[in-house]
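Subject: Structure handover

Hello,

Here is the structure we talked about passing on. Please open it alongside this note.

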Amino acid sequence: MTTVQSEPRQAGSPVEAPIPEPAPSSRPSSAYLALGYLCFSTTLFILAVFHAGLVSFNFIVAVFPTAIFFGGVAQFIAGIWAFSQRNFFAAVTFTSFAAFWLSYSLYTWLFLPQLVANFGNSVTAATGSFTLAWGLVALFVTVAARRQNRAVFGLLVLTTLMYSFITIGQYAVAPPVDLVGGVFALVAALLGLYTGAAYLINGSYGRVVLPLGEPRS
């Protein structure tokens, strides 16, 4: 039996050190997904407690700092990160909802009080148009999410239902319908927090600790 001998290394030649494999906690594959879903869902949870009737709308300003910096800026960073990873679904999803949280903050904080002062309850039609437009965006993203895992798909289905009921509640000036939208928002936020935590924990441990469900065929 013949053996293949390696060429002798010349004296004084540098020895290339092996490149160490990154530790599971430093792998970038799921970090941007964890960040994106946690950004969206944390902000949604704060907003949901108002729409679900758990906290008075008089304190709605409490959502704005999180909506601007975490739901908006940080989630936009996650979207750009997703582009760099060539995950175009996550890139479009995160940047779109980052824009939603920023525009929602500006609309509710700066413009809505002026509209209410000038037009009273009729302003609900404007708010309904705002949520209707974003509900369509959520619907399109949901259709694309059928090929994602079940947790992501379920999150976006609930988000679309949230927009639908809040839109109907605004157009019809029906607080009970808006309350149903708030319940969907709360459930979506909890599922989204689980999804973000799963990406973070699974990526850190390098194995499935929190299952996300197999992608739909």
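With which handedness, left or right, does H4 pass H5 in their crossing? The crossing is left-handed. Keep in mind that this is a predicted model.

H4 and H5

Helix H4 spans residues 124-144. Helix H5 covers residues 150-171. Their axes come within 8 Å and cross at roughly 160°. H4 is therefore roughly antiparallel to H5, since angles over 145 degrees count as such. The residues of this contact divide into twelve nonpolar and eleven polar. No charged residue takes part in the contact of H4 with H5.

H5 and H6

H5 also packs on helix H6, which runs over residues 175-205. The angle is about 160° here, and the axes lie 8 Å apart. That makes H5 roughly antiparallel to H6. The crossing of H5 and H6 is left-handed. What is the make-up of the contact of H5 with H6, in nonpolar, polar and charged residues? The split is 17 nonpolar, seven polar and one charged.

So H5 has two helix contacts to look at: the one with H4 and the one with H6.

H1 and H2

Look next at the pair formed by helix H1 (residues 31-51) and helix H2 (residues 64-84). They pack at an angle of about 155°, with axes 8 Å apart. H1 is thus roughly antiparallel to H2. H1 passes H2 in a left-handed crossing.

The surface patch

Which residues make the nonpolar surface patch of about 570 Å²? They are Leu-132, Leu-136, Leu-139, Phe-140, Val-143 and Tyr-171. Helix H4 gives the largest share of the patch, with five residues. Tyr-171 lies in helix H5. The patch therefore draws on H4 and on H5, the pair that is roughly antiparallel.

For a quick look, start with the H4 and H5 pair, where the crossing is left-handed. Then turn to the patch made by residues including Phe-140 and Tyr-171. Finish with H6, whose contact with H5 holds 17 nonpolar residues.

Best regards

Terms used: Residues are numbered from 1 along each chain as its sequence is written. This is a predicted model: local features need pLDDT of at least 70, side-chain atom pairs count only at pLDDT 80 or more; totals for chains, interfaces and linings use all residues. Side-chain values use heavy atoms; hydrogens and water are left out. Axes are lines fitted to C-alpha atoms, for helices over the stretch in contact, and angles run from 0 to 180 degrees between N-to-C directions. Helices (H or I, at least four residues) and strands (E, at least two) are DSSP runs, numbered from the N terminus. Angles under 35 degrees count as roughly parallel, over 145 as roughly antiparallel, 65 to 115 as roughly perpendicular and the rest as oblique. A crossing is left-handed if the near helix is turned anticlockwise from the far one by less than a right angle, and right-handed if clockwise. Ala, Val, Leu, Ile, Met, Phe, Trp, Tyr, Cys and Pro count as nonpolar, Asp, Glu, Lys and Arg as charged, and the others, Gly among them, as polar. Patches are made of residues with over 30% relative accessible area and no salt bridge: like charges are joined within 9 Å, nonpolar side chains (Val, Leu, Ile, Met, Phe, Trp, Tyr) within 5 Å. Accessible areas come from the Shrake-Rupley method with a 1.4 Å probe; for residues, only the protein chains shown count as cover. A salt bridge is a side-chain nitrogen of Lys or Arg within 4 Å of a carboxyl oxygen of Asp or Glu.
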